[in-house]
Amino acid sequence: YHVVKGAEDIRITLADGREFSARYLGGEELYDLAILQLVTNGEKVPAATPGQARGLMIGEWAIAIGNPFGYLLNDTQPSVTVGVVSATSRDIISEQNSAETLYKDMIQTDAAINPGNSGGALVNASGELIGINTFIFSKSGGSQGIGFAIPIDTALRVMQEVLDYGKVREVWVGVRIQEIPEALAESLDLDSRDGVIVASVDEGSPADKAGVQRGDVIRRIGAEPIRNYDDARRALYGVLVGDELQFVVDRNGKSGTHHLELVEWNQ
């Protein structure tokens, strides 16, 4: 998304030198993804084979494809760098244009990703697309072997949302939460301040239908342990309409699990 944001004319150059204009179908700054459609006029173009980011193993091969200096070198052939999957499920907070963006579940790789690689493919040893190269950690501006890619699973889900609905639909959970002050923890006789407390629940919302109540202490969302508000925010970041979530809550000294099926927010 950050590559095409504000663009008035988008052109795609293939490795064989053919150039096509592209239509911007929609994008989501939250995910830093944009969906483009090539105007091919019937010409055949190659397509990558999508793989899966789920189940990636740390240490397996990762190949980053891009063309960071294509216009400088006047060469349409992409360049390739090779490394490994350094880590998975990385959550990174980034500040772009003074707005805080949370990148969640990112693939970390030491395959060199340089400025201009954004939007390029990260593939496995079989040539299957596993991620979209997004950004690097660097003090110099060049690659230092700490690059990050959006998992292909996330990219495909966002693409389908845009194709089906023209946007990524806003999710309604229907619960407002806050951290647990020490005085409140003492009054509720809680053995720990870990978690967040439910301040209110919207009537008829997924949280309401699942049985979540005001005063519940949320200890876990899905597989994520919740210690504070930031943990809860990260656990809810990136959920889409139709997803199912599990809230593990403490109520009156007892633990219970509530299953939420997320729906679209209609203001």
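A salt bridge here is a side-chain nitrogen of Lys or Arg within 4 Å of a carboxyl oxygen of Asp or Glu. By that yardstick, the structure holds 11 salt bridges. Keep in mind for every view below that this is a predicted model.

**Figure 1. The whole chain, before zooming in.** The protein chain has 267 residues, and 37% of them count as buried. Its secondary structure adds up to five helices and 17 strands. If you're setting up a box, the C-alpha atoms fill one of roughly 70 × 40 × 35 Å along the principal axes. Accessible surface for the protein chain is about 15,400 Å², with 47% of that belonging to carbon and sulfur atoms. Take the contacts between residues at least 6 apart in sequence: 53% of them join residues at least 24 apart. As for charges, there are 23 positive and 38 negative ones, and their mean positions sit 2 Å apart.

**Figure 2. Glutamate 29 and lysine 5 pair up through a salt bridge.** The N to O distance is 3.2 Å. This pair ties together distant parts of the chain, 24 residues apart. Glutamate 29 is in the loop between strand E2 (19-28) and strand E3 (33-38), while lysine 5 is in the segment before E1. How much of each partner is accessible? Glutamate 29 has a relative accessible area of 35%, so it goes down as partly exposed. Lysine 5 is partly exposed too, because its value is 45%.

**Figure 3. Arginine 18 meets aspartate 16 in a salt bridge.** Here the N to O distance is 2.9 Å. Arginine 18 is partly exposed, with a relative accessible area of 25%. Aspartate 16 comes in at 51%, and the cut-off for exposed is over 50%, so it counts as exposed.

**Figure 4. Aspartate 191 reaches arginine 219 across distant parts of the chain.** The closest N and O atoms of this salt bridge are 3.8 Å apart. Which elements does the pair link? Aspartate 191 sits in the loop between helix H3 (182-187) and strand E12 (196-201), and arginine 219 belongs to strand E13 (residues 217-221), 28 residues apart. Are the two partners buried or exposed? Aspartate 191 is exposed at 75% relative accessible area. Arginine 219, by contrast, has 18%, and buried means under 20%, so this arginine counts as buried. Elsewhere, salt bridges with shared partners join Asp16, Arg18 and Glu43 into one network.

**Figure 5. Isoleucine 12 and its surroundings in strand E1.** Strand E1 covers residues 11-13, and isoleucine 12 has its place there. Its relative accessibility is 22%, so it counts as partly exposed. Which residues does isoleucine 12 touch, leaving aside neighbours within four places in sequence? The contacts are Arg18, Glu19, Phe20, Ala22, Leu36 and Leu38. Arg18 is the arginine that bridges to aspartate 16 in Figure 3. For a sense of span, phenylalanine 247 is 235 residues away along the chain, and the C-alpha atoms of phenylalanine 247 and isoleucine 12 are separated by 44 Å.

**Figure 6. Threonine 134, a buried residue in strand E8.** The strand runs over residues 129-136. With a relative accessible area of just 4%, threonine 134 is classed as buried, because buried means under 20%. Setting aside neighbours within four places in sequence, threonine 134 is in contact with His2, Asp32, Tyr103, Met106, Ser118, Phe148, Ala149 and Ile150.

**Figure 7. A nonpolar surface patch built by Trp61, Val80 and Val82.** The patch comes to about 330 Å². Valine 82 lies in strand E5, which spans residues 79-96. At 52% relative accessibility, valine 82 is counted as exposed, since the cut-off is over 50%.

**Figure 8. Two residues with positive phi that aren't glycines.** Asparagine 41 has a phi of about 55°. Where does asparagine 41 sit? It is in the loop between E3 and strand E4 (61-66). Asparagine 41 has a relative accessible area of 73%, so it is exposed. Serine 89 also has a positive phi, about 55°. Unlike the loop placement of asparagine 41, the place of serine 89 is in strand E5, the strand that also holds valine 82 from Figure 7.

Note on methods
Residues are numbered from 1 along each chain as its sequence is written. This is a predicted model: local features need pLDDT of at least 70, side-chain atom pairs count only at pLDDT 80 or more; totals for chains, interfaces and linings use all residues. Side-chain values use heavy atoms; hydrogens and water are left out. Helices (H or I, at least four residues) and strands (E, at least two) are DSSP runs, numbered from the N terminus. Buried means under 20% relative accessible area, exposed over 50%, partly exposed in between (1.4 Å probe, protein chains only). Contact means heavy atoms within 4.5 Å. Accessible areas come from the Shrake-Rupley method with a 1.4 Å probe; for residues, only the protein chains shown count as cover. Lys and Arg count as positive and Asp and Glu as negative; His and the chain ends are not counted. The place of a charge is taken as NZ of Lys, CZ of Arg, CG of Asp or CD of Glu. Patches are made of residues with over 30% relative accessible area and no salt bridge: like charges are joined within 9 Å, nonpolar side chains (Val, Leu, Ile, Met, Phe, Trp, Tyr) within 5 Å.
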